[in-house]
Amino acid sequence: MDFKKGGVVIIDFGSQYTKLIARRVREKHVYSEIFSPDTKIENILKNNPKAIILSGGPSSVNDRTAPNFDKKILQSKIPVLGICYGLQLLIKYDGGNVNTDGNGEYGFANITIKNSQTLFKGVKLKSKVWMSHGDQVNEVPNGWDILAFSSNKIIAAVSNQDQTKFATQFHPEVAHTKEGSVMISNFLFNIAKCKPDWTPTNFIEQKIKSIQKYVKNCKVLVGVSGGVDSSVVAALVNKAIGENMHAVLIDHGLMRKNEAKDCKNFLKNGLGIEINLYDESKIFLEKLKGVVNPEEKRKIIGNQFIYSFNRIAKNKKNIKYLGQGTLYPDVIESGMANNNTSHLIKSHHNVGGLPDNMEFELVEPLRELFKDEVRSVGRELGLSKKLTDRHPFPGPGLGVRIIGEINRKRIKILQEADKIFLEILEEDNLYNDIWQAFAVLIPVKTVGVMGDQRTYENLIALRAVTSTDGMTADWFRMPNDTLLKISNRIVNNVKGVNRVVYDITSKPPGTIEWE
């Protein structure tokens, strides 16, 4: 089974919620994938989708600068759901009128449903939704019906009379739309006739077959780090090809305290796979000497991983492939998704930092998954809860948590502070309430008083967030007593630190990592 067949294609017109649309569809066990507006209908039809969703976006459909797209998409008989900008696009294309001079609607709004037979089946006739639009529809085209109005008398939902196209001016994908989940289910299953077959079990079966077909009798080198992504890759590849997988853990000198040796034992016990540990820290740190730009750090680390893997592979026979834990958010944030049209947020060491002269072909079985889906696959594969529920740890490691220059002294300071932070979260039973927590070493020194003496030492920032997939995140409301304990223990036990601060920035506007 190819899950790209029969799924949902999402055309991204630049909405801040596009990735959330993909998540909401997948939560219904239907595969979804994001495409850029300039994707041709021929490439969309290759996936044999059951439905197309047109996202919102910041543009006006009346602007000359509005995103170009293949108009044949709107001529297709595949069921379409337009959201916000997507609604206005459908209306304008069919000859309706979209007004750019209105006041728009922002935030919560109440809608009154006029037709509850299709998209709104099972939804209360008066429902609370989330609006975020400046333009509004004044006139629907011939052959279209109005399904709902907002309390401001603005058209809130429409459909064409042959029931192949539906659209909402509000955002059903956000949690603020109280019955948005019901609306999405109605579109997916009652209108588009999708099948809920995007499950961990089916995914594993399909990926095992595709790995076996792709690599044949060749060996695969899998880089593992102790994180859930690489662990699930190792488990999947091992299940597919057994002894033809060679698992390698590279210590680049930027792991957490004692983590290289701990990970080797942890993975061997958790996966039942022999892990080969290689200490490459001297090489990595030499190449990072004097480098302060975060993008340059990521690319140096990504390149060196490949060079190290190349050298290791030469000592083995028939290793042609490299398996790594690239996820869908990595691809999106690195600007590599669908014809490289996604906006670059940051490059990921295993996506945007790979050298052009790489000697391996890549095996990336998780490339289509969000983080929570990876955890579900890991649990289905039988990995321990301790392994699947581990906080994410970036491939560049502490290299992107040491702001400024990297050297062994600064690495040691951060390792000690980070270890204390995570230990206390475990002590206070908070670790599993948090998506990701870590310490950051700031290239700033502050004045302090310790033992009646003036100090001028380093600043440590603490970061803890809640999330489901890492695409958006909220800062964790840490109990005051826990913060006090962490601060005291770090300042009293980590030489070179005299001040601790806590990051209360959500994503967006910030990212989870600082670099």
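What follows is a set of questions and answers about a predicted model.

Trainee: What pLDDT does the protein average, and over which residues does pLDDT stay under 50?
Mentor: The model is a predicted one, and 94% of its residues score at least 70, with an average pLDDT of 88 for the protein. One stretch has pLDDT under 50, and for this stretch the model has 49 contacts beyond four places in sequence. The average asked for is therefore 88, and the stretch under 50 is residues 335-349.

Trainee: Which strands stand at the edges of the open sheet of nine strands?
Mentor: The nine strands follow the order β2-β1-β3-β4-β11-β10-β9-β6-β7, with mixed pairing. An edge strand here has a single partner strand, so one side of it is left without a neighbour in the sheet. Neighbouring strands of this sheet are turned by 25 degrees against each other on average, direction ignored. The strands at the edges are β2 (32-35) and β7 (126-133).

Trainee: How many bridges join β6 to β7, and which residue of β7 does Ile 111 stand opposite?
Mentor: Strand β6, residues 105-113, runs antiparallel to β7, and eight bridges join the two. Within this pair, the residue opposite Ile 111 is Ser 127.

Trainee: At what angle to β2 does α1 run, and what angle does the direction of α4 make with that of β4?
Mentor: Helix α1 lies across β1 (8-11), β2, β3 and β4 (80-83), and its angle to β2 is about 160 degrees. Helix α4, residues 85-93, packs on the sheet and touches β3, β4, β7, β9 (144-150), β10 (155-160) and β11 (165-168). With the direction of β4, that of α4 makes an angle of about 115 degrees.

Trainee: Is Pro 49 buried or exposed?
Mentor: Pro 49 is found in the loop between α2 (41-45) and β3 (51-54). Leaving aside neighbours within four places in sequence, Pro 49 is in contact with Gly 6, Gly 7, Val 9, Ile 44 and Ile 78. Its relative accessibility is 9%, and because the cut-off for burial is under 20%, Pro 49 counts as buried.

Trainee: What separates the C-alpha atoms of Thr 39 and Phe 69?
Mentor: Thr 39 has its place in the loop between β2 and α2, and with a relative accessible area of 1% this residue is buried. Phe 69 is 30 residues apart from Thr 39 along the chain, and the C-alpha atoms of the two are separated by 7.1 Å.

Trainee: Which strands stand at the edges of the open sheet of five strands?
Mentor: The order in this sheet is β14-β13-β12-β15-β16, and the pairing is parallel. Each edge strand has a single partner strand, so one of its sides is left without a neighbour in the sheet. Neighbouring strands are turned by 35 degrees against each other on average, direction ignored. The edges are taken by β14 (275-279) and β16 (361-363).

Trainee: Which residue of β15 is the bridge partner of Val 220?
Mentor: Strand β15 is mostly covered, with four of its five residues buried. Four bridges join β12 to β15 in parallel, and three bridges join β15 to β16, also in parallel, where Gly 323 stands opposite Val 363. On the β12 side, the bridge partner of Val 220 is Tyr 321.

Trainee: At what angle to β13 does α10 run?
Mentor: Strand β13, residues 245-251, is joined to β14 by five bridges, the two running parallel, and Asp 251 stands opposite Asp 279. Helix α8, residues 259-271, lies across β13 and β14 at about 170 degrees to β14. Helix α10, residues 294-314, lies across β12 (219-223), β13, β14 and β15 (319-323), and its angle to β13 is about 130 degrees.

Trainee: Against which helices do the buried residues of α12 pack?
Mentor: In helix α12, residues 371-380, the buried residues are Lys 371, Glu 373, Val 374, Arg 375, Val 377 and Gly 378. After α12 comes Gly 382, whose phi is positive, near 95 degrees. The buried residues of α12 pack against α1 (18-27), α6 (200-215), α7 (228-241) and α13 (385-388).

Trainee: Is the crossing of α14 and α15 left-handed or right-handed?
Mentor: Helix α14, residues 408-427, packs with helix α15, residues 480-493, at about 150 degrees, with the axes 10 Å apart. The contact residues include Phe 421 of α14 and Ile 486 of α15, and they divide into six nonpolar, two polar and three charged. The crossing is right-handed.

Terms used:
Residues are numbered from 1 along each chain as its sequence is written. This is a predicted model: local features need pLDDT of at least 70, side-chain atom pairs count only at pLDDT 80 or more; totals for chains, interfaces and linings use all residues. Side-chain values use heavy atoms; hydrogens and water are left out. Axes are lines fitted to C-alpha atoms, for helices over the stretch in contact, and angles run from 0 to 180 degrees between N-to-C directions. A crossing is left-handed if the near helix is turned anticlockwise from the far one by less than a right angle, and right-handed if clockwise. Contact means heavy atoms within 4.5 Å. Ala, Val, Leu, Ile, Met, Phe, Trp, Tyr, Cys and Pro count as nonpolar, Asp, Glu, Lys and Arg as charged, and the others, Gly among them, as polar. Buried means under 20% relative accessible area, exposed over 50%, partly exposed in between (1.4 Å probe, protein chains only). Two strands pair if DSSP finds at least two bridges between them. pLDDT is the predictor's confidence in each residue, from 0 to 100.
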